Amino acid sequence: MTDEFSIEAIFTALRSVFPPGNAFVPLHEPCFIGNEWTYVKECLDTGWVSSVGKYVDRFEEELAAYTGVKRAIAVVNGTAALHVCLMLAGVRAGDEVLMPALTFIATANAVSYCGAVPHFVDSEERTLGIDPHKLAAYLHKITERRDDGCFNRNTGRRIKAAVPMHAFGHPVDLDPLGEMCCRFGIEMIEDAAESLGSFYKGRHTGQWGLLSALSFNGNKTITTGGGGAILTNDEDLGRLAKHLTTTAKVPHRWEFNHDMVGYNYRLPNVNAALGCAQLEQLPAFLVAKRALAERYRKAFADVPGVRFVTEPDDAHSNYWLNTILLDQAHAGQRDALLAVTNDAGIMTRPAWTLMNRLQMFAEFPRMDLRIAESLERRLINLPSSAFLEGEAHANA
Ligand SMILES: *Cc1c(COP(=O)(O)O)cnc(C)c1O
């Protein structure tokens, strides 16, 4: 190997992680090798497929226990979970909500559903998530405290909440972010959609926000087909979240009374059954995913011009999607590398287009985004399914 950057060297390193052969390697595939069939069959056999059933309750209890929060509320997807988190945190039409520019569209969409305005903030290269110190300095410059909250002096709008997102499963620096939110009078909501199984300072992500959102979409670490959950340590908010996501029906043996405009955001029992089976396998998935990440780390250790992204200090990551970063000087080679790998049947993907560059969000406020812009140019996600590791071993 030369010490020059070459697409060939990166491709060879990537190839070495997988078993020989020409099988297509997807970015992230679900894995159903536990009790999925048994639990789902039971739903079909008993007719409990829809809005109520024992698997919903069980999934919620087991999620709360695993993530270490008082209450978990299963919902229809992660976007709906974020929407309800924001509403319950008091985000109202015309408010601004801080969020990373480098995130999946769901974060910005959920803010828009509230009639609120996304305000895009920069990331740090270490975590790929919000840079708490840069954000604090920025807020210090542009905001003022009033009786009713923190206001953006430039726009006159209230900044009600901040939504850090744990990109690809790597926890954001939550302690300084939480302190900053406290100091400025801003509610913190974690978009933990990608970070089930990721811990910060020994505690599961999702415990720092007033409320947090998980996703169980088909490409996430565990899946219910489609699904999500709201996490909170506030019992009252937990009760409200359940009420609001189940059409706000007042319990009664036969009467249909509803005491607010609620949402039909329930997770069906048949999906929760999948979730229970998947949760049983989560520890094994996490072991396999970390082992796969370790193979990547080793494979890329001596390849010039590229860095494999590892978990930040203080964090234990689920390595949901493995990630490499090209050095600045070679960012121009990203698309060529994407082409070579995808042509060879190894599915790789660039980062999301930054939210501020999408036409519907282009006019919204943002701070200097130079790190997010740099990450966007240099970042590539690698195949990350849990079972890849087993396969690699079997063929090693
Ligand atoms: C997956 C994901 C969500 C939620 O997506 P759904 O498909 O609605 O479950 C939200 N935010 C981020 C960052 C995600 O990756």
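Buried means under 20% relative accessible area, exposed over 50%, and partly exposed in between. The model used in these exercises is predicted.

**Exercise 1. Classify both partners of the E60–K242 salt bridge, and place them in the chain.**

Step 1. Start with K242. Its relative accessible area is 23%. Buried requires under 20%, and exposed requires over 50%. K242 is therefore partly exposed.

Step 2. Take E60. Its relative accessibility is 7%, so E60 counts as buried.

Step 3. Check the geometry. The closest N and O atoms of E60 and K242 are 2.9 Å apart. The cut-off for a salt bridge is 4 Å.

Step 4. Locate the partners. E60 sits in helix α3 (residues 54-67), and K242 in helix α8 (residues 235-245). With their positions 182 residues apart, the pair links distant parts of the chain.

**Exercise 2. Describe the salt bridge between D236 and R239.**

Step 1. The N to O distance is 2.5 Å.

Step 2. Both residues belong to helix α8. They are three residues apart, about one turn of the helix.

Step 3. Apply the accessibility classes. D236 has a relative accessible area of 52%, so D236 is exposed. R239 has 48%, so R239 is partly exposed.

**Exercise 3. Which residues are linked in a network with D368 and R370?**

Step 1. Begin with the pair itself. D368 and R370 form a salt bridge, with their closest N and O atoms 2.9 Å apart.

Step 2. Classify the two. D368, at 35% relative accessible area, is partly exposed. R370, at 55%, is exposed.

Step 3. Extend the set. D122 and K134 join D368 and R370 in a network of salt bridges.

Step 4. Set this against the total. The model has 22 salt bridges by this rule.

**Exercise 4. Where does the largest nonpolar core lie with respect to domain 1 and domain 2?**

Step 1. Take the core's count. It holds 72 residues. Those with the most contacts inside it are L86, L135, L139, I186 and I230.

Step 2. Find the main contributor. Helix α4 (residues 78-88) supplies the largest share, eight residues.

Step 3. Compare with the domain bounds. Domain 1 (7-28 + 280-394) and domain 2 (36-279) both give residues to this core, so the core lies between them.

Step 4. Look at one member. Beyond its neighbours within four places in sequence, L139 is in contact with L98, I159, M180, F184 and I186.

Step 5. Separate the other core. Another core, of 31 residues, lies apart from this one; V40, C43, Y55 and A229 are among its members.

Notes
Residues are numbered from 1 along each chain as its sequence is written. This is a predicted model: local features need pLDDT of at least 70, side-chain atom pairs count only at pLDDT 80 or more; totals for chains, interfaces and linings use all residues. Side-chain values use heavy atoms; hydrogens and water are left out. A nonpolar core is a set of buried Ala, Val, Leu, Ile, Met, Phe, Trp, Tyr and Cys residues joined through side-chain atoms within 4.5 Å. Buried means under 20% relative accessible area, exposed over 50%, partly exposed in between (1.4 Å probe, protein chains only). Helices (H or I, at least four residues) and strands (E, at least two) are DSSP runs, numbered from the N terminus. Domain bounds come from an automatic or database domain assignment. Contact means heavy atoms within 4.5 Å. A salt bridge is a side-chain nitrogen of Lys or Arg within 4 Å of a carboxyl oxygen of Asp or Glu.
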